[in-house]
Every structure is written in structure tokens, then in C-alpha cells.
Amino acid sequence: MTEQVTGRLTTRTIAMPADTNPAGDIFGGWVLSQMDIAAGICAGQRAQTRVVTVSLDSMSFIRPVKVGDILGVYTKIASIGRTSMVVHVEAWVRRERIGLREKVTEGNFKFGAIDESGSPTPIPDEKDLPDYALPGYEM
């Protein structure tokens, strides 16, 4: 059975030669930054305000990313507290831009919602969200 994507496509980019490590694979820090960007987009839409990355938990690299792979980052809200949330993030690639999709890594990112002064602010109820921030919305 083929593994299925969890979440919705939030960002997509191509892995370039400038992003490689000394072994010639894409540097794990570059992949991590792409995941943090996508998680921040997801969290910001749900919080409807500025968000900051608080922590990263249980990340595991499954397969390498190669130059020319298209990296697709999928996000899903895993849990919501009063002023913070956890976003589950999966990174998948299409090998050489056309190949089969493979999961390369996943992790859980915790974000805090903050106001203009940088203080924690409550996350709105789902009923108060615009359509684009609702679960299941397709971009």
C-alpha cells in the first residue's frame, strides 16, 4: 500500500544546486527552513495574526532530497491551544520533477500567536475564520 499525504499543499519549490551539502544531497537545513515557512503560513492563516515558531518536535529525515526534485510541503493543524498551536508538516518530493512522489521528512512545529507588541494573543474560534483558513480548503 502506498503512503498517503496528510494535510494540504502549502508550498512547492525546486531543489537547486546551491542548496546542497558536501555529499551532494540537498542540505537538511534547507528542507527544514522550507517546512518552517509552510508551517508558518498555515499557522498564520489559522491564527489570523502574526505567529512565531516556538519549537520543533519529532522530526525525522526519511530519504534525501536531490537536486532537481520538486519539494512539496503539506501542512495540517494537529492541535490548538489558547494562544498556540501545533502544525504537522510533511515534505514530499517528485524526483527529477516528474517521478513518483516520495515522503522525505515530517515533523511537528509549535507556533505562538502574538499581537503587534509581541505579546501572546488568543487564537480565534473556527467560526470566526475566513473561508481560506478553514480545514479542507483547497488552494
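## A residue to start from

Leu 71 touches a wide set of residues beyond four places away in sequence: Thr 11, Arg 12, Thr 13, Trp 30, Gln 34, Val 65, Ala 91, Trp 92, Val 93 and Val 104. Contact here means heavy atoms within 4.5 Å. This is a predicted model, in which local features need pLDDT of at least 70 and side-chain atom pairs count only at pLDDT 80 or more, while totals for chains, interfaces and linings use all residues. Residues are numbered from 1 along each chain as its sequence is written, and side-chain values use heavy atoms, with hydrogens and water left out.

One of those contacts, Thr 13, is found in strand β1. Helices (H or I, at least four residues) and strands (E, at least two) are DSSP runs, numbered from the N terminus. Thr 13 touches Trp 30, Gln 34, Asp 69, Ile 70 and Leu 71, leaving aside residues up to four places away in sequence. Thr 13 counts as partly exposed, at 27% relative accessibility. The classes are buried (under 20% relative accessible area), exposed (over 50%) and partly exposed in between, with a 1.4 Å probe and protein chains only. Thr 13 and His 88 are 75 residues apart in sequence; in space their C-alpha atoms are 19 Å apart.

## The sheet

Five strands form an open sheet. Their order is β1-β3-β4-β5-β2, and the pairing is antiparallel. The edges belong to β1 (8-14) and β2 (50-61). Each has a single partner strand, so one side of each is left without a neighbour in the sheet. Neighbouring strands are turned by 25° against each other on average, direction ignored. Axes are lines fitted to C-alpha atoms, for helices over the stretch in contact, and angles run from 0 to 180 degrees between N-to-C directions.

Two strands pair if DSSP finds at least two bridges between them. Six bridges join β1 to β3, where Arg 12 stands opposite Gly 72. Between β3 and β4 there are ten bridges, and Ser 79 stands opposite Val 86 in β4. A hairpin through three residues connects β3 to β4. At the other edge, β2 pairs with β5 (residues 101-114) over nine bridges. There, Asp 57 has Asn 108 of β5 as its bridge partner.

## The helix and the core

Helix α1 (residues 28-47) lies across β1, β2, β3 (70-80), β4 (84-94) and β5. The helix runs at about 50° to β5.

The largest nonpolar core has 24 residues. A nonpolar core is a set of buried Ala, Val, Leu, Ile, Met, Phe, Trp, Tyr and Cys residues joined through side-chain atoms within 4.5 Å. Met 35, Val 65, Leu 71, Met 85, Val 87, Val 89 and Phe 111 touch the most other members. α1, β3, β4 and β5 each supply at least two residues of this core. α1 gives the most, with eight residues. In soluble globular proteins, nonpolar side chains tend to be buried together.

## A buried threonine

Thr 105 sits in strand β5. Its relative accessible area is 1%, so Thr 105 is buried. Its contacts, not counting residues up to four places away in sequence, are Val 31, Met 35, Met 59, Ser 60, Phe 61, Ile 62, Val 89, Glu 90 and Ala 91. A polar atom of the Thr 105 side chain lies 2.7 Å from the backbone oxygen of Ser 60.

## Charged pairs

The structure holds eight salt bridges. A salt bridge is a side-chain nitrogen of Lys or Arg within 4 Å of a carboxyl oxygen of Asp or Glu. One joins Glu 102 to Arg 95, at 2.7 Å from N to O. Glu 102 is partly exposed, at 28%, whereas Arg 95 counts as buried, at 19%. Another joins Asp 125 to Lys 127, at 4.0 Å. Here Asp 125 is partly exposed, at 47%, and Lys 127 is exposed, at 68%.

Lys 103 forms a salt bridge with Glu 106, with the closest N and O atoms 3.3 Å apart. Lys 103 is buried, with a relative accessible area of 3%. Glu 106 is partly exposed, at 21%. Both belong to a network of salt bridges that also links Glu 3 and Glu 90.

Key:
A polar contact is a pair of N or O atoms within 3.5 Å; within protein, one must be able to donate a hydrogen and the other to accept it, and residues adjacent in sequence count only if both atoms are side-chain atoms.
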